[in-house]
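Work through the exercises below with the model open. Try each task before reading its solution.

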Amino acid sequence: MDLAFVQSGLLEKFLETDVISAAEVAALLKRRGLLDGTPVFLDEETQMPVPPLCEYGKYLSTALLDETTLKDYGRAVGRSAG
């Protein structure tokens, strides 16, 4: 399992598509409650989200923890699930 963290500030730098703008993706992330620092757990082979763990990461982000704490919790879950 791979662990990533939401970083909306990187969208403008790396998102290259004519389908949706970086600002629209950032707004979508915010609207869905995926704040910067939210841990996202990905399957190593498919790079698709692992639903139960990603839901936990989203839950953590609703607890209004700071970004560093979210990352620490994400790493702890990643170690225990991996």
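The exercises go from the whole chain to single residues; the model is a predicted one.

**Exercise 1. The order of elements**

Task: Find how many helices and strands the protein has, and in what order they run.

Solution:
- Count the elements. There are four helices and two strands.
- Now read from the N terminus. The order is β-α-α-β-α-α.

**Exercise 2. The overall build**

Task: Decide whether the radius of gyration of the protein agrees or disagrees with that of a compact globule.

Solution:
- Start with the expectation. For 82 residues, a compact globule would have a radius of gyration near 12 Å.
- Compare the model. The protein has 13 Å, which agrees.
- Add the outline. Along the principal axes, the C-alpha atoms fill a box of roughly 40 × 30 × 20 Å.
- Look at sequence separation. Take the contacts between residues at least 6 apart in sequence: 65% of them join residues at least 24 apart.

**Exercise 3. Surface and charge**

Task: Describe the surface of the protein, its buried share and its charges.

Solution:
- The accessible surface is about 5,800 Å². Carbon and sulfur atoms account for 55% of that surface.
- Of the 82 residues, 23% are buried.
- The protein carries 8 positive and 13 negative charges. Their mean positions lie 6 Å apart.

**Exercise 4. Two helix residues**

Task: Place S61 and K71 in their helices, and decide whether each is buried or exposed.

Solution:
- Take S61. This residue sits in helix α3, residues 51–62.
- Check its accessibility. The value is 2%, and buried means under 20%, so S61 counts as buried.
- Follow its side chain. It comes within reach of the backbone oxygen of K58, at 2.7 Å.
- List its contacts beyond four places in sequence. They are G33, L35, T38 and L70.
- Turn to K71. Helix α4, residues 67–81, holds this residue.
- Apply the cut-off again. K71 has 18% relative accessibility, under 20%, and therefore counts as buried.
- List its contacts in the same way, leaving aside neighbours within four places. K71 touches F5, Q7 and G37.

**Exercise 5. A loop glycine**

Task: Locate G9, judge its exposure, and find how far its C-alpha atom is from that of G57.

Solution:
- Find the loop. G9 lies between β1 (2–5) and α1 (11–14).
- Judge the exposure. Exposed means over 50%; G9 has a relative accessible area of 62%, so G9 is exposed.
- Check the distance. G9 and G57 are 48 residues apart along the chain, and 19 Å separates their C-alpha atoms.

Methods. Residues are numbered from 1 along each chain as its sequence is written. This is a predicted model: local features need pLDDT of at least 70, side-chain atom pairs count only at pLDDT 80 or more; totals for chains, interfaces and linings use all residues. Side-chain values use heavy atoms; hydrogens and water are left out. Buried means under 20% relative accessible area, exposed over 50%, partly exposed in between (1.4 Å probe, protein chains only). A polar contact is a pair of N or O atoms within 3.5 Å; within protein, one must be able to donate a hydrogen and the other to accept it, and residues adjacent in sequence count only if both atoms are side-chain atoms. Contact means heavy atoms within 4.5 Å. The radius of gyration is taken over C-alpha atoms; the globule rule is 2.2 Å times the number of residues to the power 0.38. Accessible areas come from the Shrake-Rupley method with a 1.4 Å probe; for residues, only the protein chains shown count as cover. Lys and Arg count as positive and Asp and Glu as negative; His and the chain ends are not counted. The place of a charge is taken as NZ of Lys, CZ of Arg, CG of Asp or CD of Glu.
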